[in-house]
Amino acid sequence: MTELTALQDILILLCLALLNAYVFSLLRQSPIVGYLTTGLLVGPYGFHLVKGLHEVELVAEVGIVLLLFTIGLEFSYDRILRLKKLLLSAGVTQVVLTGLVVFCITLLLGGSMVSATILGMAMALSSTAIVLKLLLERGEVDAAHGRMALGILLFQDLCIILFIVALPLLGDTGQDFTIWALVKTGLILCSLYLFVRHLLKPLLRIILSTRAPELFRLTIIAVVLGTAWATAHAGLSLALGAFLAGLALAESDSSHQVMADIIPFRDVFLAVFFISVGMLVDIQLFMSNLWLVLLCVVLLSLTK
């Protein structure tokens with residue numbers, strides 16, 4: 001019965017996500033809005049149609065891992081150098097100033113240092129997926145404002161990695177960091193670097209020579225999940241390992257093939273991730289604080 005319940009939850013999620021994504025696409029809105037709406041409907045604050053919230057969260061974690069992997073794939077050194085001025089000017093300015101404004105306001109409203117820091121980091125970021133999709137649809141990626149937006153988003157994506165590493169240090173888990181833990185982390189990261197630097201690319205060439213597409217896809221998935229597991233075992237995050245794996249493959253000859261094979265998996269798992277985010281929204285709490293939420297959104301948008 002447990003298997004049937006999990007299958008029922010997945011079926012409900014996929015059917016409603018498909019329906020909502022289709023409706024919002026007709027309205028010329030991002031399908032992500034449809035995924036969030038699905039989460040609102042099926043979550044504990046909606047009709048509570050999905051019982052296995054933990055299973056949904058596990059699938060959503062895979063979506064984040066694949067997202068960070070594809071971000072790493074897009075971070076070629078040449079691309080970073082072309083946008084270095086925007087990264088160091090517009091990107092730094094937007095993230096630092098927005099984070100400081102949110103940090104100070106949170107402290108003024110009575111929040112703690114930890115909560116103010118976390119909110120500052122979170123509010124300084126934007127959705128790369130949504131912004132780039134809008135720019136691509138309008139053909140404005142190569143425009144002046146498109147390049148500036150891309151530079152800011154790339155810097156934000158880099159900050160995501162830093163924030164993910166810093167978050168455990170802000171909570172109780174930060175007390176678990178000892179000298180041995182740092183040494184172990186360094187050893188694991190060094191081992192990962194040696195693997196992706198000297199073994200991964202020759203391995204992919206051998207796999208490609210077999211001309212078996214399914215073998216190549218399985219290898220990529222194993223590399224992504226393996227590096228994510230290794231960094232998590234080192235006390236860091238799953239997403240950091242996935243990003244490092246993507247960064248290692250960014251300059252390889254097979255990076256475009258890797259991206260083409262991974263994107264379908266990423267999009268499916270990311271849909272579940274956005275649904276899981278929608279499940280966390282308490283619509284009654286939102287409506288009871290509607291004007292405050294709208295005011296915060298306007299202020300945050302103007303600050304950015």
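This report covers the fold, the nonpolar cores, one helix pair and one buried acidic residue of a predicted model.

## Overall fold

The protein chain is built from helices. It has 14 of them and 0 strands. Read along the sequence, the pattern is α-α-α-α-α-α-α-α-α-α-α-α-α-α.

The chain has 304 residues, and 35% of them count as buried. Contacts often span long stretches of sequence: among those between residues at least 6 apart, 72% join residues at least 24 apart. The exposed surface of the protein chain is about 17,900 Å². Carbon and sulfur atoms supply 72% of that area.

## The nonpolar cores

The largest nonpolar core holds 23 residues. Phe69, Ile220, Val224, Leu249 and Val258 have the most contacts inside it. Five helices each supply at least two residues of this core: α3 (53-74), α9 (179-209), α10 (213-233), α11 (238-249) and α12 (255-279). The largest share, 7 residues, comes from α3.

What does phenylalanine 69 touch, leaving out residues up to four places away in sequence? Its partners are Ile220, Val224, Ala242, Phe243, Ala245, Gly246, Leu249, Val258 and Ile262. Three of the core's other high-contact residues, Ile220, Val224 and Leu249, are in that list. Val258 is there too.

A second core is separate from this one and has 13 residues. Ala21, Tyr35, Val56 and Ile275 are among them.

## The α5 and α6 pair

Helix α5 covers residues 84-108, and helix α6 covers residues 113-123. The two pack at an angle of about 145 degrees. Their axes are 8 Å apart. The crossing of α5 and α6 is right-handed.

On the α5 side, the contact uses Thr98, Gly99, Val102, Phe103, Thr106 and Leu107. On the α6 side, it uses Met113, Ser115, Ala116, Thr117, Leu119, Gly120 and Met123. By type, the residues of this contact divide into 7 nonpolar and 6 polar, with no charged residue.

## Aspartate 9

Aspartate 9 sits in helix α1, which spans residues 2-26. Is aspartate 9 buried or exposed? Its relative accessible area is 4%. The cut-off for buried is under 20%, so aspartate 9 counts as buried.

Leucine 49 is 40 residues away from aspartate 9 in sequence. In space, the two are 7.6 Å apart, C-alpha to C-alpha.

Note on methods:
Residues numbered from 1 in each chain as written. Predicted model: local features only at pLDDT ≥ 70, side-chain atom pairs only at ≥ 80, totals over all residues. Heavy atoms only, no water. Core = buried A, V, L, I, M, F, W, Y, C linked by side-chain atoms within 4.5 Å. Buried < 20%, exposed > 50% of the residue type's maximum accessible area, 1.4 Å probe, protein only. Helix = DSSP H or I, 4+ residues; strand = E, 2+ residues; numbered from the N terminus. Contact = heavy atoms within 4.5 Å. Areas by Shrake-Rupley, 256 points an atom, 1.4 Å probe, with all protein chains shown as cover. Axes fitted to C-alpha atoms, helices over the stretch in contact; angles between N-to-C directions. Left-handed = near helix turned anticlockwise from the far one by under 90°. Nonpolar A, V, L, I, M, F, W, Y, C, P; charged D, E, K, R; others polar.
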